[in-house]
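Biologist: Could you take one spot in this model and walk me through it closely, starting from the chain around it?

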Amino acid sequence: MPEPQPARERILSRLRAAPARALPADPAPGGPVWAPPVHGDARLTRFRAMLEASRAEVHEAGAEDWPEILRTILAAKGVGSVLYAPNTATGRRLAEAWADAPAPTPALVAYDRPVEQVKPMLVERIDAAVTAALGGIAHTGTLVLWPTPEEPRLMSLLPPIHAVVVDRGTVADSLSAVITAERWTDGMPTNAVLVSGPSKTADIEQTLAYGVHGPKELIVMVIG
Amino acid sequence: MSAEPRQSDFTGKARIALDDPKLRANFRRAMDGLMAKRGAQFADPVEWAALRARGIAARAGSLARLPELLEQLERRCAENGIQVHWAETTQEANAIVLDILQAAGARRVIKGKSMVSEEMHLNAHLNAHGIATMESDLGEYIIQLAGEAPSHIVMPCIHKNKAEVAALFADRIPGQPYTEDVDQLTAAARRALRGAFASADAGISGVNFAVAETGTLVLIENEGNGRLSTTLPPLHIAVTGIEKVLERLDDLPPLLSLLSRSATGQPITTYVNMITKPRQPGELDGPTAVHLVLLDNGRSRVYCDPELRDTLRCIRCAACMNHCPVYTRVGGHTYTFTYPGPIGKILTPQIEGLDCAGEQPHASSLCGACAEVCPVGIPIPQLLVRLRQEAVSPTSTAVKGGGTGGSLMETLIWRATTLMFTSPRLYGAGSRLMGWFGHLAPAWLPGLDRWTRTRSKPKFAAKSLHRLAKERGYPDA
């Protein structure tokens, strides 16, 4: 039973007592009504261009060969350890494909225990992580991530490199389209994240710098 | 950081800021850059008008139903496992946060950027009770190291150039050499803060939008420190003003677009973090407890005035200050209180009272740039004028400290002006007298000195325009 909150009652009663007010008139009467942007056939081109404008690396690959392409990319960057989700389709595919890949193949590290047991490793010692994305948004070049028990939240945040696998068929026009199509109003997950590029800051003299807290590099594998 | 002074001294501080060429260069460069970036985002006026109308409708519509929506938000959050707390004052909000932390045995707190926590002076309160707080937004981290307050609501250390940051880091971060390389400075902050994130017992953040429909807290950012603060520690406390509620999830896309494009000229921020629940059974990370503190601090009083209520539409994009000729010249610290620039000039006098921030509505030329760029259409100049009136002759009890402004001299001058401008005879006589004797009046004459303190004395024409027109035979003169 929560404690009674007198502040709550006082605040709400003041708000309820406030005079009602007509909603403001349309500042641009007769102007166009806002609608979410539609990109149609240009959807994937836009998705890619916007992500690249935010300094993400975008690669197109087949549903079968993406782990091999990703391995080459990560190996070229000198990545030694890769955090993966062993109980997801993406994670299983990665593990299968890398099982007998030639050197240099980064070591796969499973994120399968509560964060409290693996914090120092996650915070300091992993070079990269691979996750799937629920979908993409063409208009802003955005990845939609819905972390799950199998693919936890910190995977896309702590390692210096984040590789995301997104199915080309899941790229939608806009955030509005995703909210409607996926019926987000029926229930949101513990945490949902929109990612549109690597971590960045312009706090020092408006100079862009990458990787201040989250991943310094974002690699997007568009598959299918 | 000590508690905020209760009296703003805009005039005094502006004088000092105007004489500081480094400060003025830092702001000028930053504001020019931010204006250009925003301008590029809204190059299509048709798209801007449509999107802005949608943004206004979303914010005004949510405010119109604020009490119901707050209850709905509370209900949804409770269903989702987020505990909601209400605070009428900043003292109450500080006490609530401290209680939660103490009950959890938390000693170290990592903070995501939050202007409401600045408004509360939360760090000072927690530090006084033995709880260490570390700011993790790069800009906030820099000013915390320097022992300063934010000078801009989106870019808190905009008043510093990289040489100042370089010197600060070399002095305050162990083992950090002096470098003006921004990548190296950023990397140094990452190294210094990683350990703080890992060892924090709790994370504290603000909230950009709280969606009543789903009970979702939306936080936007570019750095990832907000996500880390709300994901890595076992406890998350979000603090926000009661006005941040959105009715529907569908309101979010247009407002996200308006906010990120207006603030930094980005189509969207790097991260949009939507938090709906604490860690669920089987999940491997995320805080096991999430609290939401709803702060009033005068907002419900502002809400009671139908005109001033528009102040609460604000989504804190800072476009108004980026475009303000006054803010650009005097910088954020001149405003003394947490919120600077045009939005601060209407918000601060209403929250703190006209008796201690009554000069702020006057620190404007009413040029209207702020209203032109405001993505949610707040009529800032109109509200500035309204607050100037409230300071002298209050029409509503909604404004704290109403009627405390003005002076005998001001009242007399206005009375005389009104009299003269409502009587053709007095006007004729007055303008003639000014033409004859005005040049004899010394600049220091009480009343006139208010004008001549920063401007040269006006030259009175020998004949008024009215008289000239009459002489030329205009029939209706």
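Modeller: Sure, starting with the whole chain: chain B has a radius of gyration of 25 Å (taken over C-alpha atoms; the globule rule is 2.2 Å times the number of residues to the power 0.38), which agrees with the value near 23 Å for a compact globule of 477 residues. Bear in mind that this is a predicted model, where local features need pLDDT of at least 70, side-chain atom pairs count only at pLDDT 80 or more, and totals for chains, interfaces and linings use all residues. Residues are numbered from 1 along each chain as written, chains are lettered from A and ligands numbered from 1 in written order, and side-chain values use heavy atoms, leaving out hydrogens and water.

The C-alpha trace of chain B spans about 90 × 55 × 45 Å along its principal axes. Buried residues (under 20% relative accessible area, 1.4 Å probe, protein chains only) make up 58% of the 477 in chain B.

Now zoom in on B:Ala202, which sits in strand S4, residues 202–205 of chain B (strands are DSSP runs of E, at least two residues, numbered from the N terminus). B:Ala202 counts as buried because its relative accessibility is 0%. Leaving aside residues up to four places away in sequence, B:Ala202 touches B:Leu101, B:Ala106, B:Arg108, B:Val109, B:Ile110, B:Pro233 and B:Leu235, a contact being heavy atoms within 4.5 Å. As for B:Thr133, 69 residues away along the chain, its C-alpha atom is 9.7 Å from that of B:Ala202.

How values were computed:
Helices (H or I, at least four residues) and strands (E, at least two) are DSSP runs, numbered from the N terminus. Buried means under 20% relative accessible area, exposed over 50%, partly exposed in between (1.4 Å probe, protein chains only).
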